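Grab your viewer and work through a few exercises on packing, pairing and charge. Try each task yourself before reading its solution.

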Amino acid sequence: MAESRTSADGGMETSYGFREVAHGEKQGLVNEVFHKVAKRYDIMNDVMSMGLHRAWKDAMIAALNPRKDPAYKVLDVAGGTGDIAFRIVEASNRLAHATVLDINGSMLAVGAERAAKKKLTDNLTFVEANAEELPFEPNSFDAYTIAFGIRNVPHIDVALKEAYRVLKRGGRLLVLEFSEVDLPLLDRVYDAWSFNAIPQFGKAITGDAEPYQYLVESIRKFPNQQDFATMIREAGFSRVNFTNYTGGIAALHSGWKL
């Protein structure tokens with residue numbers, strides 16, 4: 001059925017929510033979604049996660065534990081508004097450097113503006129590029145982070161291989177993503193919230209329910225925790241594991257380039 005999750009074997013590359021699209025079509029459709037929501041991205045995340053995304057992101061940074069070292073370099077992908085990168089820089093006592101990469105210029109513009117207000121510009125570089133074709137040399141970064149963005153990448157396997165390529169030996173991958181709820185009662189409550197409330201909140205906030213409908217559906221199409229961990233291993237990473245947050249509404253996946 002259209003609503004069933006994709007597996008480690010693929011499927012997200014032609015899945016625009018529950019709708020099947022032609023190869024090469026998904027990226028443009030996703031770009032349009034994020035052009036629409038860029039200025040209200042934080043509100044969108046509050047709606048999608050019932051406000052819990054802030055705690056999950058803090059837990060992600062705690063797991064990363066960035067070094068307090070000017071030589072420490074992180075690549076934050078699909079992080080245009082800077083939410084993760086800002087946390088990383090602050091956790092390093094403003095010593096680390098974060099490169100924020102996003103395919104969407106509207107998202108990056110929001111991030112650059114926010115960085116200037118926070119006086120973090122010296123610690124950040126904003127790059128408009130595709131996660132499937134990173135414009136960096138191999139072995140360039142100590143860590144690669146991506147929060148709530150990997151499911152919007154058409155060819156997830158390609159993006160993971162690119163992550164492996166640009167990480168230094170001993171570098172770490174951290175992926176925070178909505179996942180499969182493993183508590184039956186919570187599963188039903190979250191489904192009701194997602195499919196009934198979220199698009200309506202989105203319409204009230206932005207005047208357009210369609211981007212939120214796609215985002216909800218994309219969560220249900222994304223591989224479950226075990227399948228996504230398999231994809232990370234197949235990209236070459238070692239010591240792969242995941243931690244569920246809030247009953248599996250979100251999960252933090254970790255892997256190392258050893």
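Here come three exercises, each with a worked solution.

Some ground rules: this is a predicted model, where local features need pLDDT of at least 70, side-chain atom pairs count only at pLDDT 80 or more, and totals for chains, interfaces and linings use all residues. Residues are numbered from 1 along each chain as its sequence is written, and side-chain values use heavy atoms, with hydrogens and water left out.

**Exercise 1.** Find out which residues of helix H6 are buried, and what they pack against.

*Step 1.* H6 covers residues 156–166 (helices, H or I of at least four residues, and strands, E of at least two, are DSSP runs numbered from the N terminus). Buried here are Ile156, Ala159, Leu160, Glu162, Ala163 and Val166 (buried is under 20% relative accessible area, exposed over 50%, partly exposed in between; 1.4 Å probe, protein chains only).

*Step 2.* Look down the axis: these buried residues fall within an arc of 160°, so they line one face of H6 (the arc is taken from the directions from the helix axis to the C-beta atoms).

*Step 3.* Their packing partners are strands E3 (73–77), E6 (141–147) and E7 (167–178), plus helix H9 (225–234) (contact means heavy atoms within 4.5 Å).

**Exercise 2.** Work out how E6 is paired with E3 and E7.

*Step 1.* E3 and E6 run parallel, joined by four bridges (strands pair if DSSP finds at least two bridges between them). Val77 has Ile146 of E6 as its bridge partner.

*Step 2.* On to E7: six bridges pair E6 with E7, again in the parallel sense. Ile146 shows up here too, with Val175 of E7 as bridge partner.

*Step 3.* Now check burial: seven of the seven residues of E6 are buried, so E6 is largely enclosed by the rest of the structure.

**Exercise 3.** Compare the surroundings of two helical salt bridges, Glu162 to Arg165 and Glu113 to Lys117.

*Step 1.* Glu162 and Arg165 meet at 2.7 Å, N to O (a salt bridge is a side-chain nitrogen of Lys or Arg within 4 Å of a carboxyl oxygen of Asp or Glu). They sit three residues apart in H6, about one helical turn.

*Step 2.* Glu162 counts as buried at 12% relative accessibility, while Arg165 is partly exposed at 26%.

*Step 3.* Glu113 and Lys117 meet at 3.5 Å, N to O, four residues apart in helix H5 (residues 105–118). Glu113 is partly exposed at 48%, and Lys117 is exposed at 64%.
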